Amino acid sequence: MSSPQPRWLDFAFAASSAWWALAPALIGEEAWAVPVRIALMALHLEVALLFLLRGELIDQGKPREFMMAMPSLILGGFAFKLSPPPADWPLFATIPFIIGVLWTAWSLATLGRSFAILPAVRECVSRGPYRLVRHPIYLGESMMFAACIAAGGGKSWWLFIFFAPSILARIYAEERALMRSSEGWREYSKHVRWRIIPKIF
């Protein structure tokens, strides 16, 4: 088992998430008060709060599992950077992005004190969207990623070549850590078969 994670790390991550949430307004970014940007700001603030509230660490993922999980985080931010300014997003991209944010926010809120960004083991959660799939947050992230591509007219479609396997690698890394250290998760995974999309995967 790993030693407890230092609380100062949680405060540092919370401060970083809060900065990403508030920076557009604080630095006076033009036209920041648009639906896409507001939704993303709210999601970052939720993440900041969860860093402060999350519970005791049972076990930490191994360095190899961290490395497997990182690319999907980087690609998500990259896709948003390559998309047009939020004020210029068409409605057909804005709506699925916000739906993805709402689904992700609900999943994060349900995860609550078991929240983690990288592979780690805390208390197993099996309620809310976790009754349907094991990794509902990644479904929301995938919707947001696809919306970013759509907002740019599909010019960045090639990112899917890297994003899909990166999500699969992240799932595999997390499930390895959970299977190794969480008896509750092992039992949960017997009852919830699907990882992201019910009846498909």
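A residue counts as buried under 20% relative accessible area, as exposed over 50%, and as partly exposed in between. With a value of 37%, Arg7 is therefore partly exposed. That small piece of reasoning will come back several times below, so keep it at hand as you look around this predicted model.

**The charged network around Asp10**

Let us stay with Arg7 for a moment. Arg7 makes a salt bridge with Asp10, and the closest N and O atoms are 2.7 Å apart. Both residues belong to helix H1 (residues 7-26), where a spacing of 3 residues puts them about one helical turn apart. Unlike its partly exposed partner Arg7, Asp10 is buried, at a relative accessible area of 4%.

Asp10 has a further partner. Arg54 also forms a salt bridge with Asp10, again with 2.7 Å between the closest N and O atoms. Arg54 sits in the loop between H2 and strand E1 (59-60) while Asp10 is in helix H1, so this pair ties together parts that are 44 residues apart in sequence. Arg54 is buried, with a relative accessible area of 8%.

If you move on to helix H3, you will find Glu65, whose side chain meets that of Arg180 in a salt bridge of 2.8 Å, N to O. Here distant parts of the chain are linked, since Glu65 is in helix H3 and Arg180 in helix H6, 115 residues apart. Glu65 is buried at 1% relative accessibility, whereas Arg180, at 33%, counts as partly exposed. Returning to the start of the chain, shared partners join the salt bridges of Arg7, Asp10 and Arg54 into one network. The whole structure holds 8 salt bridges, and the three described here are gathered in the table.

| Salt bridge | Distance, N to O |
|---|---|
| Arg7 and Asp10 | 2.7 Å |
| Arg54 and Asp10 | 2.7 Å |
| Glu65 and Arg180 | 2.8 Å |

Arg7 has one more contact worth a look: this residue lies over the face of Phe11, 5.2 Å from the ring centre.

**Aromatic rings**

That brings us to the rings. A search of the whole structure finds 10 aromatic pairs. One of them is Phe51 with Phe115, an edge-to-face pair with 5.0 Å from centre to centre and 85 degrees between the planes. Their positions in the chain are distant: Phe51 is in helix H2 (residues 35-53), and Phe115 is in the loop between helix H4 (91-111) and strand E2 (120-121), 64 residues apart. Phe51 and Phe115 are both buried.

Phe80 and Trp89 offer another geometry. Their ring centres are 6.2 Å apart and their planes meet at 45 degrees, so this pair is tilted. Phe80 and Trp89 are both buried as well. Ring pairs also bring Phe13 together with Phe51 and Phe115 in a cluster.

Phe80 takes part in a polar contact too: the side chain of Ser83 reaches the backbone oxygen of Phe80 at 2.6 Å. Ser83 lies in the loop between H3 and H4 and is buried, with a relative accessible area of 10%.

**A nonpolar patch on the surface**

On the surface, Phe78, Leu82, Trp157, Trp158, Phe160, Ile161 and Phe162 form a nonpolar patch, together offering about 720 Å² of accessible area. Helix H3 (63-82) and helix H6 (159-181) are the elements that give two or more residues to this patch. H6 supplies the largest share, 3 residues. Phe78, for its part, lies in helix H3 and is partly exposed, at a relative accessible area of 37%.

**Towards the end of the chain**

A few places further along round off the tour. Arg186, in helix H7, is partly exposed at 29% relative accessible area. Its C-alpha atom is 9.4 Å from that of Cys124, although Arg186 and Cys124 are 62 residues apart in sequence.

Leu132 belongs to the loop between E2 and helix H5 (136-151) and counts as partly exposed at 47% relative accessibility. Between the C-alpha atoms of Leu132 and Arg195 there are 8.6 Å, with 63 residues separating the two along the chain.

Lastly, look at Lys199 in the segment after helix H7 (183-191). Lys199 has a positive phi of about 70 degrees, although this residue is not a glycine. At 69% relative accessibility, Lys199 counts as exposed.

How values were computed
Residues numbered from 1 in each chain as written. Predicted model: local features only at pLDDT ≥ 70, side-chain atom pairs only at ≥ 80, totals over all residues. Heavy atoms only, no water. Phe/Tyr/Trp six-rings, centres within 6.5 Å; stacked < 30°, edge-to-face > 60°. Helix = DSSP H or I, 4+ residues; strand = E, 2+ residues; numbered from the N terminus. Buried < 20%, exposed > 50% of the residue type's maximum accessible area, 1.4 Å probe, protein only. Lys NZ or Arg CZ within 6 Å of the ring centre and 35° of its normal. Patch = residues over 30% accessible without salt bridge, like charges linked within 9 Å, V, L, I, M, F, W, Y side chains within 5 Å. Areas by Shrake-Rupley, 256 points an atom, 1.4 Å probe, with all protein chains shown as cover. Salt bridge = Lys/Arg side-chain N within 4 Å of Asp/Glu carboxyl O. Polar contact = N/O pair within 3.5 Å; in protein donor to acceptor, adjacent residues only side chain to side chain.
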